[in-house]
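Colleague: I would like to go through this model with you. Shall we start with charged pairs, then turn to the spaces inside?

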Amino acid sequence: MSPQPQAAVGAPLSRVDGRLKVTGQAEYAAEHDVKGVVHAVIVDASVGRGRIRSIDTRAAEKHAGVLRVIHHGNAPTLPYRDNAGSNNPAGRRLRVFQDDRVLFHGQPVAVVVANTLEAAQHGANLVKVRYDAERPSTDIAKAEPGEPTNYARGDAEAGLRSSAVRLDLTYELARNHHNPMEPHATVARWDGDRLTVWDKTQWIVGTHDEIAAVFDLPADAVRVINPFVGGGFGSGLRCWPHTIVAALAARVTRRPVKLVLSRKQMYFGTGFRPSYAYRLRLGSDRRGRLNAAIHDIDAETSSYETFNEAVMLAGQMLYSMPNVRQAYRQVPLDVNTPIWMRGPGFASASFVIESAMDELAHRLDMDPIELRRRNEPSEDESTNEPFSTRRLSECYTVGAREFGWDRRNPKPRSTRDGDWLVGLGMATGVYDPGRYPAQARARLDADGTAVVEAATSDMGPGTYTAQTQVAADALGLTMRTVTFRLGDSLYPPTSPHGGSATMASVGSAVVDACDQVRRQAIKLAVEDRESPLYGVSADDVVVRGGRLHVQGTPARGETYKSLLARNDRSHLEANGSYDGPGSDRSAYFAYNATFAEVAVDANLGLVRVRRMLGVYDAGRIISPKLAESQAFGGIVGGIGTALLEHTVTDHRDGRIVNASLADYLVPVNADVPDIKAIYLDGEDNAGNLLGVKGLGEVVQVGVAAAIGNAVFNATGRRVRQLPITAEALL
């Protein structure tokens, strides 16, 4: 089969859904107009641990407009049947309103349903809850960790003892919250025993399966709809308690129910990037060849579920060394369950590893890039598998040239601009993009237009646009004649919209479906005696602009529209699938080299990022315009992690002290410097049809470390806590 012309893929196109968003026509979860909808507001636990002694709902129930107050004393029992397909982490679920236990501050203990939002809000304030409170355990430094997950190769202790240069470093990484623009929200409506949910989610299939499990419903009795997501960053990668509460309230009241979390409630109603206590011992010879590393990692999780993320992997494969030992321990706390956040695991590990590499380079009086080059592995030493591609050396070369790394003075505190100390830093980033099973459906209609469907999401990276580009080229159509639909559990199932998996997974399924439809049309044409293509080998036919023609002979052909009309076909349709990487045995990672220039006020310790550059080995770039936006967003998120973001808990009662955007600081325009992104040309065909690696996660990995290393170059102060504060630099 001749290769299809590629007109859309690789072009810097604007978002196909952009006009809907800027004109307010895109409907988010809370904006769906459901007839007869009433409003629900959750009552949150005001203690961090204990039991509910009593709930007084009389004042709330008397308030005008309040329909019901539901709590553990009057809520129907829910089956919560076991469900292997659920996106619930290992452990036991939080069974909302099923008993009197309080497991964390902010846990839903009741819900008020009213005719108006204002009535529900006031009714929630009127509910009086008395507790038998216990002191919660919320401090990772004082809690007892669980049994470790271990990894080892070689003899790390002996390797460390024999190393000429040794570092023993301890890092503290603060908890981060996602803070997407759109709050989490659910609208739930029952039609008899069938439930429809409009929900903010990044995994429609997982949310669908969780709801079906909780209410013990057959799969075809649940529908989840979610065409637009106003940012997620991982916060929507599971079904949260408020979604179950909304569905339960709708069942009890026999009315459609809308439940929107407040900004404050999002700090305990959804997940977060867990805090870490991370000790790294590192050894090398005097020429900078790494010999041993010992990682001791403690991460917070909830007491009722066990959350894991891939924080160990970077330490196993990023650099060549014969001796590695790791111990990763979850620390159960009286908090709600963490969840994946952009660059999960790798972003946290990279701050530790890349800060330590910079510290080692300084100890050795060696350029940080040269130290990394000297420890480039020839294969993934944790699996002995070859890398699918690994172009880190090229990332270093391009980044150093474009950033002006040769102008860096390696002596800390040697470059000034008035009262500002100026420093340059860099770090390496790595991420293992997901490749998960997915399905898609494509239909070519008689008018020459096409519709492609898949139950994926778009939280902002441009799924609508990128998948339309892929489909358009596979079908040989223009962008304006292809419609990509997502956000509905009635569409073919897909993997979660996270983990940099969507392009490789859903995109491969889309290619498969569209290739099948195109081949059906070609077969129809070459077997049709009235077609100009009759008798031509199918392998010699390509399609462009909706017209089938002989490769190299554009004049000989016809349009989809004429072919289907003559054959009295209303449409052609096919279901496509992607089964995952299959037998591919290569180490499949995306990489970056990130560079930062900072200025630090010598008197006040204030840090300002001046400019940043990211150079990425991310395989084939489907949409350069979207890719640049991804890099900018990841770098901005990394600036927040490095300098601003820190969830503060009052350990006396488990209350989050800064649960608002007035107190939890995120980057604003004044914090965002000159940013540049460069993507290396190339493809990575390991286990997917598009040659992509996925880039939504890797763009944030290494950013915080690059900034921290630049701060050291500017000030001579090594800060091993995140965020880096003025107090730490004074």
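Colleague: In this predicted model, is Glu370 buried, partly exposed or exposed?

Modeller: The model is predicted, as you say. Buried means under 20% relative accessible area, and exposed means over 50%. Glu370 has 31% relative accessibility, so the class is partly exposed.

Colleague: Which residue forms a salt bridge with Glu370?

Modeller: The partner is partly exposed too, with a relative accessible area of 34%. The two sit four residues apart in helix H10, residues 368-374, so about one helical turn separates them. The closest N and O atoms are 2.8 Å apart, and the partner is Arg374.

Colleague: Where do Arg390 and Glu376, which meet in a salt bridge, lie in the chain?

Modeller: Their side chains meet at 2.6 Å, N to O. The pair links distant parts of the chain, 14 residues apart. Arg390 and Glu376 are both placed in the loop between H10 and helix H11 (392-403).

Colleague: Which residue of that pair is buried, Arg390 or Glu376?

Modeller: The cut-off for buried is under 20% relative accessible area. Glu376 has 23% relative accessibility, so it counts as partly exposed. The other residue has a relative accessible area of 15%, so the buried one is Arg390.

Colleague: Which strands are tied together by the salt bridge of Glu597 with Arg610?

Modeller: The closest N and O atoms of Glu597 and Arg610 are 3.9 Å apart. A salt bridge needs a distance within 4 Å, so the pair counts. The residues are 13 apart in sequence, and they lie in strand S25 (590-601) and strand S26 (607-617).

Colleague: Is Glu597 buried or exposed?

Modeller: Its partner Arg610 is partly exposed, with a relative accessible area of 31%. Glu597 has a relative accessible area of 12%. That value is under 20%, so Glu597 is buried.

Colleague: Which residues are joined into one network by salt bridges that share partners?

Modeller: Side chains of opposite charge can pair when their charged atoms come close. The structure holds 44 salt bridges. Those that share partners join one network of Arg49, Arg101, Glu134 and Asp334.

Colleague: Now a polar side chain. Which backbone nitrogen does the side chain of Asn713 reach?

Modeller: Asn713 is found in helix H16, residues 703-715. At 4% relative accessibility, Asn713 counts as buried. Its contacts beyond four places in sequence include Arg408, Pro410, Lys411, Val422 and Gly423. The side chain reaches, at 2.9 Å, the backbone nitrogen of Leu424.

Colleague: On to the enclosed spaces. What is the volume of the largest cavity?

Modeller: The count comes to six cavities of 30 Å³ or more. The largest cavity is lined by 26 residues, with Leu94, Trp240, Pro241, His242 and Gly269 nearest its centre. By class, the lining divides into 13 nonpolar, eight polar and five charged. The volume is about 240 Å³.

Colleague: Which element supplies the largest share of the lining of the largest cavity?

Modeller: Strand S1 (38-44), helix H6 (241-253) and helix H7 (266-269) each supply at least two residues. The largest share is three residues, and it comes from H6.

Colleague: And which element supplies the largest share of the lining of the second largest cavity?

Modeller: That cavity has a volume of about 120 Å³. Of its 18 lining residues, Asn176, Arg273, Ala347, Thr641 and Leu722 lie nearest the centre. Helix H9 (346-364), helix H15 (624-643) and H16 each supply at least two. The largest share is four residues, from H9.

Colleague: How many charged residues are in the lining of the second largest cavity?

Modeller: Asp, Glu, Lys and Arg count as charged. The lining has nine nonpolar and seven polar residues. The charged residues number two.

Colleague: Last, the second largest pocket. Which residues are closest to its centre?

Modeller: The second largest pocket has a volume of about 510 Å³. Of the 23 residues that line it, the closest to the centre are Ile140, Leu173, Ala174, Ser275 and His646.

Colleague: Which strands each supply at least two residues of that pocket's lining?

Modeller: By class, the lining of the second largest pocket has eleven nonpolar, eight polar and four charged residues. The strands that each supply at least two are S8 (165-173), S13 (276-284) and S30 (721-722).

Terms used: Residues are numbered from 1 along each chain as its sequence is written. This is a predicted model: local features need pLDDT of at least 70, side-chain atom pairs count only at pLDDT 80 or more; totals for chains, interfaces and linings use all residues. Side-chain values use heavy atoms; hydrogens and water are left out. On a 1 Å grid over the protein atoms alone, a cavity is a set of points where a 1.4 Å probe fits but cannot get out, and a pocket is an open set with protein on both sides within 12 Å along at least five of seven lines; lining residues have an atom within 4 Å of a point. Grid points are joined across faces, edges and corners, and a volume is the space filled by probe spheres set on the points. Buried means under 20% relative accessible area, exposed over 50%, partly exposed in between (1.4 Å probe, protein chains only). A polar contact is a pair of N or O atoms within 3.5 Å; within protein, one must be able to donate a hydrogen and the other to accept it, and residues adjacent in sequence count only if both atoms are side-chain atoms. Contact means heavy atoms within 4.5 Å.
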